[in-house]
Amino acid sequence: MDKAGQIPPAKAVTPKELAAYRAAAQRRWEQEQHERARRQKRAWEVARQAAQLLKKEFGATRVAVFGSLARTDSFTRWSDVDLAAWGLHPEDTFRAMGAVMDLDKKIKVNLVDIEVCRPSVRAAIEREGIEL
């Protein structure tokens, strides 16, 4: 505000300044897309590793990824890995959850035991899940 309490008019942006802003914004967007793609690739690696662990160590008969990782256009730099497992023994569920959570320090892994989840969640997993 100026001395009279008025907001001064905005400064006009020159074409050169506008071009520099647009170039910087484009570089930022490209960097974000690169980082998202790198994280998504790592998330798939973690998902496959978790599926293998769940089958080998905890007797899972099926494992599927669902959520944002299963919907490529929904995956962001904040997305996690959502997995559903079939065939886990009830006494092993919490150990299995802990084991997959420890696979990566930067990507969170959530595990759903399909046998005890809500029917609506199960239906969504059956509909959109990608078996690993």
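How many of the five residues of β3 are buried? The answer is four, and β3 is accordingly described as mostly covered. The structure shown above is a predicted model, and the account below follows the chain from its overall form to individual residues.

The chain contains three helices and four strands. Read from the N terminus, these elements follow one another in the order α-β-β-α-β-α-β. The radius of gyration is 23 Å, whereas the globule rule gives 14 Å for 132 residues; the former is well over the latter, so the chain is more spread out than a compact globule. Along the principal axes, the C-alpha atoms occupy a box of roughly 75 × 30 × 30 Å. Of the 132 residues, 32% count as buried. The accessible surface of the chain amounts to about 9,200 Å², and carbon and sulfur atoms contribute 56% of that surface. Among contacts with a separation of 6 or more, 70% are made by residues 24 or more positions apart.

The four strands form an open sheet in the order β3-β2-β1-β4, and the pairing within this sheet is mixed. Its edge strands are β3 (109–113) and β4 (130–131), each of which pairs on one side only. Strands of a sheet pair through backbone hydrogen bonds, in either the parallel or the antiparallel sense.

The pairings may be taken in turn. Strand β1 (residues 62–66) and strand β2 (residues 81–86) run antiparallel and are joined by five bridges. Within this pairing, Arg 62 has Trp 86 of β2 as its bridge partner, and Ala 64 stands opposite Ala 84 in β2. Strand β1 also runs antiparallel to β4, to which two bridges join it; here the bridge partner of Val 65 is Ile 130 in β4. Four of the five residues of β1 are buried, and the strand is thus mostly covered.

Strands β2 and β3, by contrast, pair in the parallel sense, over five bridges. Between these two strands the chain passes through helix α2 (residues 93–101), and the resulting β-α-β crossover is right-handed. Two bridge partners illustrate the pairing: Val 81 is matched with Val 109 in β3, and Ala 85 with Asp 113 in β3.

Why is β2 described as largely enclosed by the rest of the structure? Six of its six residues are buried, so the strand is largely enclosed. The side chains are divided between two directions: Val 81, Leu 83 and Ala 85 point one way from β2, while Asp 82, Ala 84 and Trp 86 point the other way, and all of these residues are buried.

Helix α1 (residues 15–58) lies across β1, β2, β3 and β4, and runs at about 20 degrees to β2. One residue of this helix, Ala 47, illustrates how α1 meets other parts of the chain. Ala 47 has a relative accessibility of 0% and therefore counts as buried. Residues up to four places away in sequence aside, Ala 47 touches Leu 69, Val 81, Leu 83 and Leu 132. Of these contacts, Val 81 and Leu 83 are among the residues that point one way from β2. The C-alpha atom of Ala 47 is also separated by 7.1 Å from that of Val 65, which lies 18 residues apart from it along the chain.

Two loop residues complete the picture. Is Ser 68, a residue of the loop between β1 and β2, buried or exposed? Its relative accessible area is 11%; because buried means under 20%, Ser 68 is classed as buried. Beyond its neighbours within four places in sequence, Ser 68 is in contact with Ser 74, Phe 75, Ser 79, Asp 80 and Asp 82. Of these, Asp 82 belongs to the residues that point the other way from β2 than Val 81, Leu 83 and Ala 85.

Pro 90 is located in the loop between β2 and α2. Its relative accessibility is 66%, and since exposed means over 50%, Pro 90 counts as exposed. The C-alpha atom of Pro 90 is separated by 24 Å from that of Asp 80, although the two residues are ten residues apart along the chain.

Note on methods
Residues are numbered from 1 along each chain as its sequence is written. This is a predicted model: local features need pLDDT of at least 70, side-chain atom pairs count only at pLDDT 80 or more; totals for chains, interfaces and linings use all residues. Side-chain values use heavy atoms; hydrogens and water are left out. Two strands pair if DSSP finds at least two bridges between them. Contact means heavy atoms within 4.5 Å. Axes are lines fitted to C-alpha atoms, for helices over the stretch in contact, and angles run from 0 to 180 degrees between N-to-C directions. Buried means under 20% relative accessible area, exposed over 50%, partly exposed in between (1.4 Å probe, protein chains only). A crossover is right-handed if, with the strands pointing away from the viewer, the path from the first strand over the helix to the second runs clockwise. The radius of gyration is taken over C-alpha atoms; the globule rule is 2.2 Å times the number of residues to the power 0.38. Accessible areas come from the Shrake-Rupley method with a 1.4 Å probe; for residues, only the protein chains shown count as cover.
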